[in-house]
Amino acid sequence: LAATDQTTDTPTNNFATLNSIGPEAIEDYVLAEGNLKVTADNVNAIPGTILSKNGKWYAEVKVIDMDGATTNIRIGVVGENAMFSNLGGVNETYSFLGDGRTYIEGTAASYGAAIDTNDIMMVALDCDNNKIWLGINGTWLESGTVGDPAAGSNHSAAIDADRFYTFAVASGSSSYCPIYEVNFGNPSFSISSSQADDNGYGNFEYDVPAGFYALCTKNLA
């Protein structure tokens with residue numbers, strides 16, 4: 001077995017994975033690597049299996065293949081009422097488009113830099129203060145001022161209050177199939193720096209912002 005085939009997931013601490021039981025009409029995605037690697041060929045969100053209404057959460061998404069264009073990339077967050085909806089295109093969906101724009105509840109706007117193959121996107125989700133932050137390869141993106149999840153400042157987007165949320169990915173078109181590997185703290189791809197959250201859980205490439213945590217059952221408790 002390779003090191004990436006070993007898991008810290010146990011009966012007493014389960015990390016989130018990507019949801020494998022979406023509605024039949026949008027099950028056009030292919031999961032692998034313990035439901036952490038996905039070939040996405042639909043604009044609808046492929047959400048995580050654990051949602052939370054409170055707390056602060058962190059995840060990373062590695063772009064393995066853009067399938068031709070940055071505009072096919074969508075990475076972000078979905079709410080409980082939009083679990084398998086158009087990611088970024090409807091209420092309770094918030095995403096980063098790979099060409100350097102945010103796509104928030106149907107509105108696209110310039111934000112930060114474009115993403116490339118093998119880049120790792122960082123997403124920080126604050127369910128207590130209804131904010132998200134987006135970053136690439138260790139640097140939080142900015143719109144005038146660099147985002148700072150630990151300080152709670154310069155967030156990428158505000159999210160609706162009083163909802164359960166989780167992380168999600170999608171394709172920008174049903175004609176293209178970008179490939180992602182999602183890291184909720186139990187990665188399927190090689191990690192060089194091995195960063196844990198403040199509770200000691202998770203194995204991330206980049207430093208987890210202070211006060212944010214891996215989306216796993218120990219941290220939920």
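**Notes on a predicted model: sheet, cores and pockets**

1. Strand β7, which covers residues 101-104, pairs with β8 in the antiparallel sense, and four bridges join the two. Within this pairing, Tyr-103 has Ala-108 of β8 as its bridge partner. It should be kept in mind throughout that the model is a predicted one.

2. The pairing of β7 with β8 belongs to an open sheet of six strands, which follow one another in the order β3-β13-β5-β6-β7-β8 with antiparallel pairing. At the edges of this sheet stand β3 (46-47) and β8 (107-110), each of which pairs on one side only.

3. Turning to the interior, the largest nonpolar core comprises 45 residues, and Ile-75, Leu-125, Phe-167 and Tyr-180 are those with the most contacts inside it. Two or more residues come from each of β4 (56-65), β5 (73-79), β6 (93-97), β9 (120-126), β10 (131-136), β13 (165-171) and β14 (179-183). Of these contributors, β13 gives the most, namely five residues.

4. Ile-75 deserves a separate look. When neighbours within four places in sequence are left aside, Ile-75 is in contact with Val-61, Val-63, Leu-87, Tyr-94, Ser-95, Phe-96, Met-121, Val-123, Ala-168, Val-169 and Tyr-180. Apart from the largest core lies another one, made up of 11 residues, and Phe-15, Tyr-58, Trp-133 and Phe-204 are among them.

5. Ala-158 has its place in strand β12, which spans residues 157-158. Although Ala-158 and Lys-131 are 27 residues apart along the chain, 4.5 Å separates their C-alpha atoms. Again leaving aside neighbours within four places in sequence, Ala-158 is in contact with Tyr-94 and Asn-130.

6. As for empty space, the largest pocket holds about 240 Å³. Its lining consists of 17 residues, and those nearest the centre are Gln-6, Thr-8, Asn-186, Pro-187 and Asn-203. Sorted by class, the lining of this pocket has 11 polar and six nonpolar residues, with no charged ones.

7. The second largest pocket holds about 150 Å³ of space. Which residues lie nearest the centre of the second largest pocket? They are Thr-7, Glu-33, Gly-34, Leu-36 and Asn-186, out of 14 that line it. By class, this lining divides into seven polar, four nonpolar and three charged residues. A reader who follows Asn-186 will meet it in both places, since it is listed nearest the centre of the largest pocket and also nearest the centre of the second largest one.

How values were computed:
Residues are numbered from 1 along each chain as its sequence is written. This is a predicted model: local features need pLDDT of at least 70, side-chain atom pairs count only at pLDDT 80 or more; totals for chains, interfaces and linings use all residues. Side-chain values use heavy atoms; hydrogens and water are left out. On a 1 Å grid over the protein atoms alone, a cavity is a set of points where a 1.4 Å probe fits but cannot get out, and a pocket is an open set with protein on both sides within 12 Å along at least five of seven lines; lining residues have an atom within 4 Å of a point. Grid points are joined across faces, edges and corners, and a volume is the space filled by probe spheres set on the points. Ala, Val, Leu, Ile, Met, Phe, Trp, Tyr, Cys and Pro count as nonpolar, Asp, Glu, Lys and Arg as charged, and the others, Gly among them, as polar. Two strands pair if DSSP finds at least two bridges between them. A nonpolar core is a set of buried Ala, Val, Leu, Ile, Met, Phe, Trp, Tyr and Cys residues joined through side-chain atoms within 4.5 Å. Buried means under 20% relative accessible area, exposed over 50%, partly exposed in between (1.4 Å probe, protein chains only). Contact means heavy atoms within 4.5 Å.
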